[in-house]
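Work through the exercises below with the sequence and coordinates open. Each task is followed by its solution.

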Amino acid sequence: MADYVFLIPLMPLIGFLLLVGTLGKLPRLWVGLIGAGSIAIAFMLVVLTGLEYLGQADPTPYTVDIYTWMQLAGFTANVSFLIDGLSLTMLSVITGVGFLIHVYSALFMWQDKDYSRFFSYMNLFVAAMLLLVLADNLLVLFVGWEGVGLCSYLLVGFWHEENANGAAARKAFVVTRVGDTAMALGMFLLFVHLGTLDIQAMAAQATQIWQPGDLIVTIACLLLVGGAVGKSAQLPLQTWLPDAMAGPTPVSALIHAATMVTAGVYLIARTHELFLLAPAALLTVAVIGAITLLMAAFAAMAQTDIKRILAYSTISQIGYMFLALGVGAWSSAIFHLMTHAFFKALLFLAAGAVIYSLHHEHNIFRMGGLRKKLPVAFWSFVIGSAALAALPLTSGFYSKDLILLATYHHNAFGGWLLAAGMLGALLTAIYSFRLVFIVFFGEVKTQPDAAAGKLMSIPLMILSLLAIIGGWFTVPVESVFPVAAESDHTGLMPMIIAGVPILGVLLAYLIYLKPVIPISLFTQSALGKQLIAFWYSHWAMDWIYDRLLVKPYCAVAAINRKDIIDWFYNAVADVLRSAHQYSTISQSGQLRTYVAVIAAGLVLTLAVFLGILIP
Amino acid sequence: MTVIEVMLLLFVGGVLAWLSQRWHSHWPKWIALITCVLSSVLMLPLYYQESTTVLDLAGAPSYWIEYVQYSWIPRFGISLIFALDGLSLMMVSLTLFLGFVAILSSWTEISERPGFFQFNLLWTLAGVIGVFSSLDLFLFFFFWEVMLIPMYFLIAIWGHEQRAYAAMKFFIFTQFSGLLMLVAILTLVLVNADQSGQLTFNYFELVGHNLGSGLSLLVMLGFFIAFVVKLPAFPFHPWLPDAHTQAPTAASVLLAGILLKTGAYGLIRFTVPLFPEASATIAEVAMALGAISIIYGAILAFAQTDFKRLVAYSSVSHMGFVLVGVYAFNAIAMKGAVMQMVAHGFSTAALFMMAGAIQHRIHTRDMTLMGGLWQAMPKMGAVALFFIVASLGMPGLGNFVGEFLVLLGAFASNVTITAIAAIGLITGAIYSLIAMQRVFQGSDSNKRTLSDLDSREFTALIPLILGLIWLGVYPQPVFDLVDPALATLHQVVTGATSQLIGNMP
């Protein structure tokens, strides 16, 4: 039992408070030391906790109570931290990869005028993310969940002088909030039926009162999936992630590749007991994953911005994780989450090094031949892309292989899920090596500045190593998830799964490096142009949402800007005012008018009375 | 009797501030500030005091930290009953605290007739405290009116361009609804006298009476409308954007921070316990009005270009949660509603103060003329960001606790309305973030050089920041404070309505 677990999220929080409290007046060196140092301490604490946990003969999960947040009649929210294989895996990824990215940022952001603000946001993000994965209560998890969303907003819009960055940041926040609202409703529904939001107690209670397939638990799980697809950028809420690339590149590496965007995967894995009671919801997760991974892969093929290619590849890879969750391959999903964190952080940081050397150039077609000038970035990219493409012996291979095999054995939808996964794997290999071949081979189009400094190279090297050997790690989650069927590595299927990425790289080579395959026949044709534009716009999703939601909302707001209800009250006031005006006309001061009116009134009254008396 | 002393102190302080103007124009604000601080200090011991007085409230025991009753007009059964339970104490404390913030926020803004300004400010505070502590319906109505008149002057004399229109509108709306309440109070008292043979305005004797269902519904509506106009809820809200926008900063802070809460307090203290059954029959309508307010206010807020108007409409949206929470008839939602009252008081007061601070510097509230103010005033940008984030319901800050508990409790009562109300979480984010963008982000085409927040402004804002963090991270003291009061009221209501609405959670 590690009593110091509360220090893990507290360290980055203290870092945040120090940086905010000093109002940006600290010298840069101190800022960097506080920013990265707080994560380093948190990482060491995670290592200690992990060693202690795994050192036991029979590792048993335990919770550490921190304090009671709220206690009302009928509702209690305890802040307590759960330590098990799943949270330890997440903690290691967040603090480990997080630390490397902080070190890298210390140099990458050195020139920025808001150095201190940057690190304060980053530290707050890590604190919130750690809270998210440590929480043993869905409401406390939600605190971290919204906290990382806020930091994502702040960091995407970090360079807020540009209006486009602000728009991207708002889009990221609002779109994920749509999912968060669904998740909140899911929590209400679960609470009303289970009487608690403590995750372990919920699981125990749920298996008591619900049978697999019950309607309530299915709806509750689907609402949680709503939250997950928002945060993890899956269909139908994935549109925010490509725009979120407006943030500084280390932010994309940390938040939009390695940690926050996988929170949805974590959420479903953490509540898997509920999902096991809702097979329909689980199948939905698989289908969402399969469709998203294909859509994003096609979109990645059509992009020209180096970061957007990586953003779509992230959406696609999280699609694989969703697919894995959906087919019940829980540990494979978490395994892929970890390897993806390694190689995608690597790719983003390497992309950052390229962008840094080319003065914020993002278009891959204005790059080229950078292999010689930027060797560290080049090799990082080769290793990262190989892992992303899941070439054999890289970390990505081991994890994706497990997912595809599990899909193969799962057998839902007569092989369609597997077909999507396989096609996605082929496309992944093509687009990732398209990137490598265009950026690093061929002729030099933009002369790079000197390569990035050591402080940026060392994290790249460590992550490169992890991207290769990460597949040999095992995630200690056996005790968390139900035992999966031993995956069958015999037969033809594993060979096909291993072969597809190689075929993809070969195709990319033949298209982009040795132009044997005349791709221009397709890209220059009328149909090809349209298709590419369609994929470039990510299947026109933004266009659809713009017409369907954004424009109508703005139109309604604009039309009713003056508040129609106010108009009603003003109308009442106007009526009274004109009644007043008309009645003042009668007060003319002319005696003859008064006499005439009095006489007419008398006659009328008399007539009425006579009419009543003498019918 | 502390609460009477506090009120007298505020009344006297107000008169002194007014008189002191003739000696020096800086004296009134110092006198006002000192009066406010002294009053708060006077209140402090009450937090450590046990609820000594236990009174029967329609069969349920009610616990009072302070209770005092004097005869006033015995012939009509009118007496001076001042009482504080946890709920009242919390609202009185909020009033004094925001009074302090309001005085600081108008420190340099008011140059014309500063003495009369501080007089009105302190008298408004005294009136509001009276509202939160009187438990004789006649006395309550008296204070209900007392708090309006000085507020009317604050808007009409020191307001902005359209102050006359706004002040008149504010006065007519509240006066008309107050008239409805007066009729309802008199009907209630007279019918009760008819039935029981005793003419009384005493709250404790009126709770638990039974008027008969038809009349009870009408009388209840009299109270209900008076309070939801004040809240304000759709469709009774149009006075609020004008009043808030035109009022000077200090008056906006008081209006949003505490005057709106008198409406919510009235619903909790009077409408529901006096007419539990009638309230239960309109519960769904009231919740629906709350949900509509949430969405409607948010859309309107999004459309505004005037910063203060945006914050004003956001109040309509936030107070919608209170209405939903009160009429969910659920203990959790009710606590959420109370928490929302306090948290909204903090966050909106701060946002109005920011709006005032910006207007003081660049002489406009028009957001189309702003943008990029972060560069010139990074500290103000960061502080505004904090309050905007609080107001959009970020977990870890007070507003989230309120909204979450309201929705959690309301979900058990009505799933559909709760789901609609929950959309407010999205629309709230939309208008909050667009405000941040329009005011502070982007680039400043005018390249203004402005003075950032000064220490006086920080003195007012830092307590609000700490307060919101405290409410968000450790709200338990607030719950513990208001719990006995709410439990009693809940018992009164469920006791009377158990047959009508079945077994409540």
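**Exercise 1.** Is α13(B) mostly covered or mostly uncovered, and how many of its residues are buried?

Solution. The model is predicted, with pLDDT of at least 70 required for local features and 80 or more for side-chain atom pairs, while totals for chains, interfaces and linings use all residues. Residues are numbered from 1 along each chain as its sequence is written, and chains are lettered from A and ligands numbered from 1 in the order written.
Step 1: find the helix, a DSSP run of H or I with at least four residues, numbered from the N terminus (strands are E runs of at least two); α13(B) covers residues 283-303.
Step 2: apply the burial cut-offs, with buried meaning 20 or more other C-beta atoms within 10 Å, exposed 12 or fewer, and partly exposed in between, C-beta atoms being placed from the backbone.
Step 3: 17 of the 21 residues are buried, and α13(B) is mostly covered.

**Exercise 2.** Classify Leu455(A) by burial and list its contacts beyond four places in sequence.

Solution. Step 1: Leu455(A) lies in α19 (residues 454-469) of chain A.
Step 2: it is partly exposed because 16 other C-beta atoms lie within 10 Å.
Step 3: its contacts (backbone-placed C-beta atoms within 7 Å) are Val103(A), Ala106(A) and Leu107(A).

**Exercise 3.** Describe where domain 1 of chain B touches domain 2 of chain B.

Solution. Step 1: the automatic or database assignment gives domain 1 (1-273) and domain 2 (282-473).
Step 2: 31 residues of domain 1 are in contact with 32 of domain 2.
Step 3: on the domain 1 side, α11(B) gives the most, with 12 residues.

How values were computed. Two residues are in contact if their C-beta atoms, placed from the backbone, lie within 7 Å.
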